[in-house]
Amino acid sequence: MEIFLRIMAFILNAFGILVNKILDSVLPRIKPKFPGIRNPLLNKPIIELVTKLRRGEVSFLVSGDQVQLRHDLRFPLQISSVDLTSAYIDRIREVNPTLNAVVEDRFEAALQDAQLADDFIAKARSEFDRVALFTKYPILGVPFTVKESCSLKGLSYSVGSLIRKDMKATQDGEVVERIRAAGGIPLLVSANPEFCMSFETSNNVNGRCLNPYDLRRTTAGSSGGEAALNGVGATTFGVASDISGSIRLPALFCGVFGHKPTGGLTSVKGHFPYSLTDPQFPRMLQIGPITRFARDLPLLLDIMAGPNKHKLKMDEQVPLKEMKVYYAYGFSGLNCLTHPVVDFHIKLAITKAIKCLQSGGAQPKKVDLKFFGNSLEIALVSLVDLKGTPSIVTQRPDRPPSMRLLMVELFNSIIGHSIFTKEAMFLEVMKRFNGLMATGNMERYRQEVKKVQIHLNQLLGNRGVLILPTFHTSALFFHTSLVNVTGIDNMLLFNVLGLPATHVPMGLNHRGLPIGLQVVAAQYQDKLCLKVAAELEAVFHGWVPPVPHATEGAK
């Protein structure tokens, strides 16, 4: 344990708790003014939409404020991909002026893609032909959205950097390419912080992305745009990336599901930032889905995994009664003194989840996280060790800026006189200072990573999951992420260890903000995370929209 680092963490932690309490007390919640979802199509999970597209069922459309059948029920037509895509485009246009989640769209091209999908489906006249078509293209005609850093050909690729402001992606990222090959239709690229180096989605190119549950608060980062769009029902799912909780934290703040796959499962080619020289980078960074419905996660992960999907053995189902469920409410011992206290409502959500799983036959057991005694150190050393990523100042991996330049830009960013954001500058400076750790101790923490990895994989095996907080609190106010940064290793640890982890929404707290928990499994046991997520969704209903559906009175 690094004494100086822990003293600084303790001070920062105490200050963060004070800041959070003051802001929670004095700043009232600002609710969004956009309407709830009116079109019932937007409330359907992907697996249901695909089934309707394949079988050919009547579609619902919105005309003014009235929900109408498109055709007489005696003559049902298949759901049109054009209608579905149009419905999501309309929803995005309705909510984005408030949220600022979209960086650049391709709506006209998406409608053309949707028409092509409809033409394909129309040519498959028999049930056999349609089954064959949707076996080859499992999400044919389904629109989706993409985090800007994940690369969508022809659209913005600035990743929040003013220096890269006019840059466009020259090709799709490999995961995006796989989803398009499965029939998906990309609509846009969404907001992320500068170089994805912040836990707030705010940058000097696009400004702030606002939380749909409270417009004073952040969507988190770095996949904040995707989380916001999912949170308001403006996309079926989002392609996002996670190197230190960048899928799970935004999913928590915006009340949706988010899955970080096993390290190395999905390709990160095409993502920016990227490292060409560090073999550890594709293991720590993973691309995964954000969605409102846990039921959609297995299908999406199967597509995203590509040639590695056989490692998941998704077809080998594990009954809940055969599963062991380990759980914890936070770190223990001295480690808990330098981490924030977990909110009561999040602890209560974990308790409810454990009781629910126990009633289904699972075997719960509370576990002491003493093996994470050096969690902060092993998390930081893995980030510091990453090589080959570009500096936000020089934009190059082989030309680091001088320490003097870094400190000047950090100061200027704090007072608002830099082209760089203060959060990104802080993280780059911390990396240059070895995360405030003694160089001579770092090898010990590297070896500890291996020991903890072996221990957890053996503990969880092929039947176990670990449930613990995703983060210590609900959505933060803007400019407070740095004073809450000590809570991040709850998530970062599982990037370091290469273990799959899923955020599961568990309703709203007393402030009307989403809360939830994290489900972790052994390597390549992603299906166990997804199974628990689906079980909890069935009981606790998962996503709670920030504005009640306008369709509820029409059902």
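This is a short talk on a few places in one protein structure, told by a single speaker.

Hi everyone, and thanks for coming. Before we start, please keep in mind that the structure above is a predicted model. I'll take you through some helices, a few strands, and then some individual residues.

Let's begin with helix α6, which covers residues 174–181. Which of its residues are buried? They are V175, V176 and I179. And why do these three sit on the same side of α6? Because the arc they cover around the axis is only 100°. So what lies over them? The cover includes strands β4 (143–147), β10 (237–242) and β12 (286–291), together with helix α10 (297–305). If you follow the chain just past the end of α6, you meet G183, which takes a positive phi of about 105°.

Helix α10 was one of the elements in that cover, so let's look at it in its own right. Its buried residues are L297, L300, L301, I303, M304 and A305. Let me pick out A305, which lies in this helix. A305 counts as buried because its relative accessible area is 0%. Setting aside residues up to four places away in sequence, A305 touches R178, L265, T266 and L312. Now compare sequence with space: A305 and T262 are 43 residues apart along the sequence, and their C-alpha atoms are 9.9 Å apart. Just after α10 comes G306, with a positive phi of about 55°.

Now for some strands. Find β13, residues 324–327, and β14, residues 363–366. Do these two pair in the parallel or the antiparallel sense? Parallel, over 4 bridges. To see this in the model, look for V325, which stands opposite P364 in β14. How does the chain get from one strand to the other? From β13 it passes through helix α11, residues 344–359, and on to β14, in a β-α-β crossover that is right-handed. Strand β13 has another partner too: β15, residues 464–468, runs parallel to β13 and is joined to it by 4 bridges. Here the pair to look for is K324 opposite G464 in β15.

Next, a loop residue. Where is S222 found? It is in the loop between β9 (214–218) and α7 (224–231). Is S222 buried or exposed? Buried, because its relative accessible area is 2%. If we leave out residues up to four places away in sequence, the residues that S222 touches include A191, N192, P193, C196 and K147. With K147 there is also a polar contact between the two side chains, at 2.6 Å.

On to charged pairs. How many salt bridges does the structure hold? The count is 21, and I'll show you three of them. In one, the side chains of K44 and E48 meet, with N to O at 3.4 Å. K44 counts as partly exposed because its relative accessibility is 26%, and E48 counts as partly exposed because its value is 28%.

Another salt bridge joins the side chains of R446 and E443, at 3.1 Å from N to O. Both residues lie in helix α15 (residues 442–460), 3 residues apart, or about one turn of the helix. Here is a handy rule to remember: an α-helix has 3.6 residues a turn, so residues three or four places apart point the same way. R446 is partly exposed because its relative accessibility is 28%, and E443 is partly exposed because its value is 39%.

The third one is between D214 and R217, whose closest N and O atoms are 2.9 Å apart. Both D214 and R217 are buried. They also belong to a network of salt bridges that links D24, D214, R217 and R511.

D214 brings us to our last stop, R29, which touches D214 as well as Y213, R511, G512 and P546, not counting residues up to four places away in sequence. You'll find R29 in the loop between α1 (3–26) and α2 (46–55). R29 is partly exposed because its relative accessible area is 31%. What does its side chain reach at 2.7 Å? The backbone oxygen of Y213. And one more distance before I finish: R29 and G487 are 458 residues apart along the chain, and 23 Å separates their C-alpha atoms.

That's my tour, and I'm happy to go back to any of these places with you. Thank you!

Definitions and conventions. Residues numbered from 1 in each chain as written. Predicted model: local features only at pLDDT ≥ 70, side-chain atom pairs only at ≥ 80, totals over all residues. Heavy atoms only, no water. Buried < 20%, exposed > 50% of the residue type's maximum accessible area, 1.4 Å probe, protein only. Arc of directions from axis to C-beta. Contact = heavy atoms within 4.5 Å. Pairing = 2+ DSSP bridges. Right-handed = clockwise from strand over helix to strand, strands pointing away. Polar contact = N/O pair within 3.5 Å; in protein donor to acceptor, adjacent residues only side chain to side chain. Salt bridge = Lys/Arg side-chain N within 4 Å of Asp/Glu carboxyl O.
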